[in-house]
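Student: Please take a close look at the side chains of this chain and at how they pair up. I would like the charged ones, the aromatic ones and the cysteines in one connected account, with the cut-offs stated.

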Amino acid sequence: MKKNLFYLFALICSMSLFTSCSDDDDPVYPIEEEIAGTYKGTLDIELAGTPVATGMPKNITIAKVSGNSISLELKDFSFMGNNIGTINLEKCVLKQNGTSYTFTGSQELNLSGIGKCNVDVAGTINNGKAEVNLNIDVLQLGQEVKVVYKGAKLTGSESSEAKITAFTIDSEFVTEQPVIDEATRTITFKVSDTATDDDLKSLKPVFTISEKATVTPASGVVQDFSNGKNVIYTVVSENGTVNEYIVSVAGRQSALKFSFEEWETIAGSFLTNEYVTPQPIDLLATSAPGAAFLKLFQITDLPVFKTDDKKEGEFAIKLVTMDTSAKVSTLVPAITSGSVFTGVFDLDVNDRIGSTKFGIAYDKKPIYFRGWYKYAPGAKYIDGSSATKPADIID
């Protein structure tokens, strides 16, 4: 009896030693130091052998489960407009192969919209770079989704800002520049009612984004906004945060736009000085034609100029108030002002005030007036405080 107890005790001890040796033989890897963390990269997706997404920006997270196993999480996995949910593989077995690590795992998951799936994963991690292959067997559909992920481990100090901070479109067909609504991540602009679909196929947005972020499509690339099409810009921050902006035409407007880029020179004569006038001359007029007659009084200056001191484009219009009091008479005012207006200047020596015919026929309701100007006060003023009011002026 004592002999049997001795053998039983020896057997129990040997089993205990075997178990202890087995635990000690399990490899322990520096997962937290070399592997665990968030990886920034892209996904390529195939459905039943057909590519449905390429270069989709996405982050994955790898965490330590044990000394030789890891978990892998892919949040908000989506393709073809469907959000499948989060793929979380709880235990992937890790092995070391030289300087790299390989891992495999398999798990049944219940994913949103597609039900139960068998998910197999195989990946490699080497010097902070990860390549992962996911095979998702959609049991209800009898189809397989293949996902290839490539990414690099983040340090944790990267910026999370992924914004479009400015957006413009330089086109004669854009009547109202794009407005960024950060709350809805939409960008809208208005175009001329004369713009055709062909005109809207070749608009070239130029924009800026957050520092260290990337964007697709790139700034300065021609886009098609015809037929109400939206253009989606995907901004990816340094740490992989993704924001999408939807850019679209918000409406059409009729606009009178005067850029002062084109000018016409009107030759002088023995009566008048030469002067320039902005185009189109059937819509715009200035005080230059009247001031040109100051040549008769040995005044060669003019109150209207073309200038390259502009906000945009090549040229602008410069208006100057001239002191002509030294030549004042019934034909020469004390002040000759520079002016520009819609309408016509048609000199009538018998009705000089009536020479300016302001305004043009317009069959639409004005919404707003917008422009840019610079102003510098004159160095000399005429003091009219002591002037006598004519008797025929009624307060």
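Tutor: A salt bridge is counted here when a side-chain nitrogen of Lys or Arg lies within 4 Å of a carboxyl oxygen of Asp or Glu. The model is predicted, so local features need a pLDDT of at least 70 and side-chain atom pairs count only at pLDDT 80 or more, while totals for chains, interfaces and linings use all residues. Residues are numbered from 1 along each chain as its sequence is written, and side-chain values use heavy atoms, with hydrogens and water left out.

By the salt-bridge rule, the structure holds four such pairs. One of them joins Lys229 to Asp224, with the closest N and O atoms 2.9 Å apart. For accessibility, buried means under 20% relative accessible area, exposed means over 50%, and partly exposed is in between, with a 1.4 Å probe and protein chains only. On that scale Lys229 is partly exposed at 39%, and Asp224 is partly exposed at 25%. Another salt bridge is formed by the side chains of Arg185 and Glu182, at 3.8 Å from N to O. Arg185 has a relative accessible area of 31% and counts as partly exposed; Glu182, at 28%, is partly exposed too.

The side chains of Lys374 and Asp309 also meet in a salt bridge, at 3.0 Å from N to O. This pair links distant parts of the chain, 65 residues apart: Lys374 is in the segment after β24 (356–358), and Asp309 is in the loop between β19 (304–307) and β20 (316–319). The element names come from DSSP runs numbered from the N terminus, with helices (H or I) of at least four residues and strands (E) of at least two. Lys374 is exposed at 67% relative accessibility, and Asp309 is partly exposed at 44%.

Lys58, in strand β2 (residues 50–66), is a charged residue without such a partner. Lys58 is buried and has no salt bridge; the nearest side chain of opposite charge belongs to Asp76, 5.1 Å away. For charge, Lys and Arg count as positive and Asp and Glu as negative, while His and the chain ends are not counted. What the side chain of Lys58 does reach is the backbone oxygen of Lys75, at 3.0 Å. A polar contact is a pair of N or O atoms within 3.5 Å; within protein, one must be able to donate a hydrogen and the other to accept it, and residues adjacent in sequence count only if both atoms are side-chain atoms. Contact in general means heavy atoms within 4.5 Å. Leaving aside neighbours within four places in sequence, the contacts of Lys58 include Tyr39, Leu43, Leu74, Asp76 and Tyr149.

Next, the aromatic rings. Rings of Phe, Tyr and Trp (its six-membered ring) pair if their centres lie within 6.5 Å; planes under 30 degrees apart count as stacked, over 60 as edge-to-face, and the rest as tilted. The structure holds six aromatic pairs. In one of them, the rings of Phe167 and Tyr233 have centres 5.7 Å apart and planes at 80°, so this pair is edge-to-face. Phe167 is in strand β9 (residues 164–169) and Tyr233 in strand β14 (residues 231–236), so the pair ties together parts 66 residues apart in sequence. Both Phe167 and Tyr233 are buried. The rings of Phe207 and Tyr233 are edge-to-face as well, because their centres are 5.0 Å apart and their planes are at 75°. Here Phe207, in strand β12 (residues 205–209), and Tyr233, in strand β14, are 26 residues apart. Ring pairs thus link Phe167, Phe207 and Tyr233 into a cluster. Phe207 is buried at 9% relative accessibility, and Tyr233 is buried at 0%. Beyond neighbours within four places, Phe207 also touches other residues, among them Ile164, Ala166, Val215 and Pro217.

Last, the cysteines. A disulfide is a pair of cysteine sulfur atoms within 2.5 Å, and by this rule there are zero disulfides. The sulfur of Cys92 has its closest cysteine sulfur in Cys117, 16 Å away, which is too far for a bond. Cys117 is accordingly in no disulfide. Cys92 is buried at 0% relative accessibility, and Cys117 is buried at 0%.
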